[in-house]
Amino acid sequence: MLVQRIFAVLYMLAGLAKAFPQLENVPDILRQAAAANQGTWYAGISNLLAQYGDITNVVVAIALFGSGLVLWLNPRWTRFVIYGQLVMMAVFITLLHRSQPQVIPLDAIFIIAALAMLRQQFRRTGTKRVFASQDFAKPKAQAKSPDKPKLADEYDVIIIGAGVSGLTAASEFTTERVLVLEKSPTFGGNARCNSHRSLSHPIAGVCFQQPVPGSDMDQLLTKLDLQNKFKTNAEDTLVFFDTVLLLKCLNEITLGFIKFPSYLLKPSVWGLTGQLLLNALIGKPYVVAAKQLGDPIFADLYQFLDEFAATTDRFPHVPWHEQTGWSKEEMVQLDSLSLYSYLFEPEKTASFPAHLQPPRKLGKLVENAVTTTLRVECLDIHEVSAYVGLHFLVGYLRGNLVTLPGGNGHISEALVAHLHKQTNITLLSDVVLTNLDNTEASVQLTAKVQHHNISVKAKKLIWAAPKHHVTDWLPTLPETQIKAIKAIRHEDYYLANALLSRPVLSHSFGGYLIEPDRPEKPYAWCKAGTCLVANWMDSDSRSEGGVLTLLKPTTREERQGRTAENDFTGLQQQTYREISLMLNNIGVDPRIVEDIQIWYWPDALVTSVIGQQASGLFQSASQPHFSVHFANQDSVGIGNLESAIFAGKQAATQIKRALQHTDTTAISRNKETVS
């Protein structure tokens with residue numbers, strides 16, 4: 001900013017000097033230039049300016065003084081004035097270099113300064129602002145009912161936890177009497193949504209892998225009449241590449257295009273090259289490109305991942321089972337090594353069989369892309385195993401991601417609507433568990449619902465809440481199971497919604513930010529790696545507003561015990577700076593940001609680390625105990641929607657078999673009051 005202020009003064013002084021011919025006689029200089037430029041291609045314009053030298057002097061004086069004033073005041077459109085200065089200096093050098101050769105080194109100084117100021121402008125972020133949201137957002141509480149909920153004394157199944165796992169499990173029961181209890185005021189767990197100007201947007205889970213026909217996800221979407229209603233990122237995903245990172249990886253980029261020369265025939269590739277060179281010159285922080293333009297760079301990794309696609313028998317299922325195309329020995333071998341070592345340390349995989357050998361010499365851009373992809377689910381490239389990491393990359397990096405209006409919350413809302421229609425299902429929110437007696441024959445549960453006490457009995461219970469608190473309620477769990485539960489790792493998750501006065505990037509699924517780690521930056525441990533464009537998720541919406549949803553997951557190594565739980569304002573302002581930088585890069589004024597809401601989900605995502613799949617940790621932690629069964633992400637080890645649905649269906653299947661085995665006959669009943 002100091003350089004800009006200095007040159008602001010110089011420009012204003014230069015403009016004032018034009019009023020004093022004894023200091024600088026512009027008409028005379030133009031006449032000398034016109035004489036020297038005869039016979040050149042620019043002689044005509046030179047003669048014209050010399051003919052109207054006095055008018056030109058006034059115009060130049062106003063332009064210089066005005067430019068200096070703008071540089072001093074520094075409004076958001078300052079960079080356009082700097083562009084004008086560069087054009088003006090290019091004209092001066094062209095017209096005057098024959099008659100006034102000293103103009104070349106003199107204007108070269110101003111050109112260098114202008115480029116430096118331009119670089120600063122593109123790294124400009126929004127100044128501190130006060131937004132309406134002053135604390136972390138929370139689900140809105142429902143109005144309390146004065147009446148005690150009408151419940152039966154006994155159920156076939158009670159489900160504790162109305163996240164996607166619990167709701168999915170409930171949807172599997174068609175005749176059994178089921179009671180679903182949720183401690184929060186709203187259902188959905190890590191899959192909920194909100195609205196801004198009638199535009200639905202996620203407040204937790206945002207997307208999932210494109211369902212494979214016949215998969216658990218495909219079956220659930222079909223049941224909810226949501227099949228083929230999702231949006232896919234196959235064609236419309238943007239990547240915000242850090243300009244400096246791209247420059248450092250030019251050899252990697254060049255090698256990729258040499259391997260696939262057909263890409264060099266695409267105008268978009270040359271456009272991207274030109275954008276990179278221009279950005280390097282003017283200091284634009286991001287090169288924005290369609291995801292497909294990076295295909296040559298990632299081709300070797302993509303080709304390798306395609307061998308393990310979900311449609312093949314080589315897909316690395318999580319959890320592993322004997323029906324997969326993987327032997328247990330192969331799974332254990334990959335689960336005993338970090339994904340980083342597997343992909344980027346060739347000496348660690350020298351003994352692996354040929355069909356498990358990853359490509360050699362994967363570059364830094366590939367490493368950054370893999371790291372960003374993993375962080376979406378709080379997975380660390382140095383701590384997640386090669387087996388789990390491979391499973392994740394096949395779906396999230398190589399495969400297509402899909403979403404619905406409101407993100408994953410659209411699914412939980414559809415599940416709740418579906419369950420409300422089932423006469424055998426009752427859902428209760430705002431429930432506080434007070435006691436749980438678990439025997440081989442049944443479970444007895446007492447709880448407080450709003451300001452009412454309830455006591456119910458069930459033949460079976462599904463614990464669909466996270467397991468790390470279950471030991472308080474099931475003290476008779478085997479010690480080995482308690483140890484397994486305590487070994488499961490959870491990570492904090494922040495999600496920021498920038499509420500906008502108008503939509504931006506409305507034709508894109510969203511964008512990834514591929515940039516190097518900058519641990520010295522504030523809140524670098526929960527830096528946004530992904531922005532999703534809610535307007536595009538809901539193409540039928542007529543809302544004039546917009547929402548950018550920024551995922552801000554954390555991982556153990558980065559977080560190291562840090563949290564923003566008590567510093568909402570600091571995290572909000574840092575989020576605004578991140579959004580401002582991105583918007584500024586694409587020419588959008590950050591003042592369109594009306595509010596920034598941040599949702600904090602402590603211990604929200606399960607993360608699987610090296611060796612946990614091979615040891616059967618999650619299966620050990622999820623063993624049924626007497627009449628209690630388990631269903632949650634922590635039954636699988638990956639904190640995504642697919643794992644939650646799988647766990648819910650698996651628990652429901654186990655219980656239905658158990659009820660049939662004991663010759664239990666479900667009793668039909670009328671729909672009960674829902675609180």
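**Exercise 1. Find the residue opposite Tyr-512 and place its strand in the sheet.**

Step 1. Tyr-512 faces Thr-530 of strand 16. Strands here are DSSP E runs of at least two residues, and helices are H or I runs of at least four, numbered from the N terminus.

Step 2. Look at the pairing. Strand 15 (residues 510–514) and strand 16 (residues 530–533) run antiparallel and are joined by three bridges. Two strands pair if DSSP finds at least two bridges between them.

Step 3. Widen the view. The open sheet has seven strands, ordered 8-7-15-16-17-14-18, with mixed pairing. Strand 8 (286–290) and strand 18 (593–607) each have a single partner strand, so one side of each lacks a neighbour in the sheet. From one strand to the next, the twist averages 20°.

A note on the source: this is a predicted model, where local features need pLDDT of at least 70, side-chain atom pairs count only at pLDDT 80 or more, and totals for chains, interfaces and linings use all residues. Residues are numbered from 1 along each chain as its sequence is written, and side-chain values use heavy atoms, with hydrogens and water left out.

**Exercise 2. Identify the strands that helix 15 and helix 21 lie against.**

Step 1. Helix 15 (residues 364–375) lies across strand 7 (237–242), strand 15 and strand 17 (546–553). The helix runs at about 125° to strand 15. Angles run from 0 to 180 degrees between N-to-C directions, and axes are lines fitted to C-alpha atoms, for helices over the stretch in contact.

Step 2. Helix 21 (residues 568–585) also packs on the sheet, where strand 14 (489–500) and strand 18 are among the strands touched. Its direction makes about 110° with that of strand 18.

**Exercise 3. Describe how helix 12 meets helix 10.**

Step 1. Start with geometry. Helix 10 (residues 250–259) packs on helix 12 at about 75°, with the axes 7 Å apart. That makes the two helices roughly perpendicular, a label for angles of 65 to 115 degrees.

Step 2. List the residues. Helix 10 brings Glu-252, Ile-253, Gly-256, Phe-257 and Lys-259; helix 12 brings Pro-296, Ile-297 and Asp-300. Contact means heavy atoms within 4.5 Å.

**Exercise 4. Locate Gln-357 and its partners.**

Step 1. Gln-357 sits in the loop between helix 14 (339–344) and helix 15.

Step 2. Its side chain reaches the backbone oxygen of Phe-352 at 3.0 Å.

Step 3. Setting aside neighbours within four places in sequence, Gln-357 contacts Phe-304, Thr-349, Ala-350 and Phe-352.

Conventions:
A polar contact is a pair of N or O atoms within 3.5 Å; within protein, one must be able to donate a hydrogen and the other to accept it, and residues adjacent in sequence count only if both atoms are side-chain atoms. Angles under 35 degrees count as roughly parallel, over 145 as roughly antiparallel, 65 to 115 as roughly perpendicular and the rest as oblique.
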